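Please examine the sequence and the structure shown below before attempting the exercises. Each task is followed by a solution that proceeds step by step.

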Amino acid sequence: MKKITLSAIAVLTLLPNVLSADGFNLFSDAKFNGEIRPRYESVDDQSNTKDKANAFTVRTTIGVEANLLSINGLSMKVDGTTVQPIGGEHYDSGSNGLMYDKVVDPEQTRFSQAYLQYKYGKTVAKVGRQVINLDNQRFIGSVDWRQMMQSFDAAVISDSTIDNLTLTGAYVWGRAPVSDLGTSDTDSIILNGSYKVSDMLKVTAYDYIISSASDTIGMALTGDVPLASAKIAYRAEYASQGDASRDTDSAHANVKADAYYYNLDALANINGILAGAGYEFLSGHTTGDGKTSFFAPLGTLHAFNGWADKFLGATPTGGLTDMSATLGYTAPGLGKAMVVYHDFSTDVSMGGKSDLGTEWDALYTNAIPGIKGLNGLAKAAFFKAGDVTGYTADVSKIWLQIDYKF
């Protein structure tokens, strides 16, 4: 595996120079990028009898972007990413079968991006494997928190010709998840448009037609409201979820999606002091009614509903209500620190029970002085059990990470 990784890096490094030699201008103006991200992750999940996970891993990415064939606007980008354990695997990666708590960072190497791009004015078209991050990544995202990011095999067109208006459309035929289970076929369409009225208001509308899952149509209002000594960033969003109109999996033929979602949150920055509150709602259903709870299978879900990831795999049958409060600070040179409290409950009572637990999250991140592109992070999540089946055990997670981008 490591030999393959080194060979891929060598090819990415030398190829543009080789193919540009002797006047042959297949590639030109090559730009290289890279990242090295070592991380320690500890997981103690009381819902099982497995040993506590202690995962030492490192992500290494090297990429190249270059103009192609001397055609104005035509370029290509290739990123190769490898994830390797350091000092052995003392965690369940999802595929190694070890009797530890789960950390989904399996050993793997792949091309995380490999696409052709054509730019004409303010219109950009990309075809191939790529990361796609839309809005706050609630519905479409690269899950970059995990060591191997999520990539999409897709054709994407984005246009911003009209001032303040951005339109994005994509056809996705494959998805490479964060695990090492290989690319899964899909037949999905992504539509997103946003119009910035002012700094205080941006209107975003979307339709995410996810094959064999659901069609999600929604709208979000976002912006920054300036006050005398503060700035308040807000988000107000609503989405409805219906039956999948592109059903390529017969196993989902009788699943009826009829769910909805809304989110209200605000974060005030008062001279660097951060204070905020949020209310996020994902509707549920009654067991056996043939319907589904609201869920976003292609989003960066780790960023929502607590960092302990108790709701990462699926929304509870009874739905999810997440009331949160945030307190922290941010300042040049001092970095950013945050503490977030979550109170979880179901939408529909499950056997007379609705308490899904509570959670405390904490984060500190800052640039490490002396080296450009080097950042450090410390992060923790402490989930306290509720009384609904499946959520009656505590979970604690701790992360220590260094990230160097060049």
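The exercises below concern a predicted model.

**Exercise 1. Buried charge at aspartate 361**

Determine where aspartate 361 lies and which polar atom of the backbone is found by its side chain.

Solution.
1. Locate the residue: aspartate 361 belongs to strand E16, which spans residues 353-367.
2. Look for a charged partner. Aspartate 361 is buried and has no salt bridge. The nearest side chain of opposite charge is that of lysine 379, at 7.9 Å. A salt bridge requires the nitrogen and oxygen atoms to be within 4 Å.
3. Look for a polar partner instead: a polar atom of the aspartate 361 side chain lies 3.2 Å from the backbone nitrogen of tryptophan 307.
4. Consider the surroundings. Beyond the neighbours within four places in sequence, the contacts of aspartate 361 include Gly306, Trp307, His342 and Phe382.

**Exercise 2. Aspartate 309 and a pocket**

Establish whether aspartate 309 is buried or exposed, and describe the pocket that has Asp309 among the residues closest to its centre.

Solution.
1. Aspartate 309 sits in the loop between strand E13 (273-282) and strand E14 (320-331).
2. Its relative accessible area is 16%. The limit for a buried residue is under 20%, and aspartate 309 is therefore buried.
3. The side chain of aspartate 309 makes a polar contact of 2.9 Å with the side chain of histidine 302. Apart from neighbours within four places in sequence, aspartate 309 is in contact with His302 and Lys397.
4. Turn to the second largest pocket, whose volume is about 1000 Å³. Its lining comprises 39 residues, and those closest to the centre are Lys102, Val104, Asp309, Leu312 and Gly313.
5. Strand E1 (27-45) and strand E18 (395-405) are the elements that give two or more residues to this lining. E1 gives the most, with three residues.

**Exercise 3. The environment of tyrosine 206**

State how accessible tyrosine 206 is, and identify the side chain joined to it by a polar contact of 2.6 Å.

Solution.
1. Tyrosine 206 is part of strand E9 (residues 201-210).
2. With a relative accessible area of 3%, tyrosine 206 is buried.
3. The polar contact of 2.6 Å joins the side chain of tyrosine 206 to that of glutamate 237.
4. Glycine 193 is 13 residues away along the chain, and its C-alpha atom is 6.3 Å from that of tyrosine 206.

**Exercise 4. Salt bridges between distant parts of the chain**

How many salt bridges does the structure hold, and which parts of the chain are linked by arginine 146 with aspartate 105 and by arginine 138 with glutamate 280?

Solution.
1. The structure holds 14 salt bridges.
2. In the salt bridge between arginine 146 and aspartate 105, the closest N and O atoms are 2.7 Å apart. Arginine 146 lies in the loop between strand E5 (123-130) and strand E6 (151-159), whereas aspartate 105 lies in the loop between strand E3 (74-85) and strand E4 (108-120); the two are 41 residues apart.
3. Both are buried: the relative accessible area is 9% for arginine 146 and 2% for aspartate 105.
4. Arg146 and Asp105 also belong to a network of salt bridges with Arg39 and Glu41.
5. In the salt bridge between arginine 138 and glutamate 280, the closest N and O atoms are 2.8 Å apart. Arginine 138 is in the loop between E5 and E6 and glutamate 280 is in strand E13, so this pair ties together parts 142 residues apart in sequence. Arginine 138 and glutamate 280 are both buried.

Notes: Residues are numbered from 1 along each chain as its sequence is written. This is a predicted model: local features need pLDDT of at least 70, side-chain atom pairs count only at pLDDT 80 or more; totals for chains, interfaces and linings use all residues. Side-chain values use heavy atoms; hydrogens and water are left out. Helices (H or I, at least four residues) and strands (E, at least two) are DSSP runs, numbered from the N terminus. Buried means under 20% relative accessible area, exposed over 50%, partly exposed in between (1.4 Å probe, protein chains only). Lys and Arg count as positive and Asp and Glu as negative; His and the chain ends are not counted. A polar contact is a pair of N or O atoms within 3.5 Å; within protein, one must be able to donate a hydrogen and the other to accept it, and residues adjacent in sequence count only if both atoms are side-chain atoms. Contact means heavy atoms within 4.5 Å. On a 1 Å grid over the protein atoms alone, a cavity is a set of points where a 1.4 Å probe fits but cannot get out, and a pocket is an open set with protein on both sides within 12 Å along at least five of seven lines; lining residues have an atom within 4 Å of a point. Grid points are joined across faces, edges and corners, and a volume is the space filled by probe spheres set on the points.
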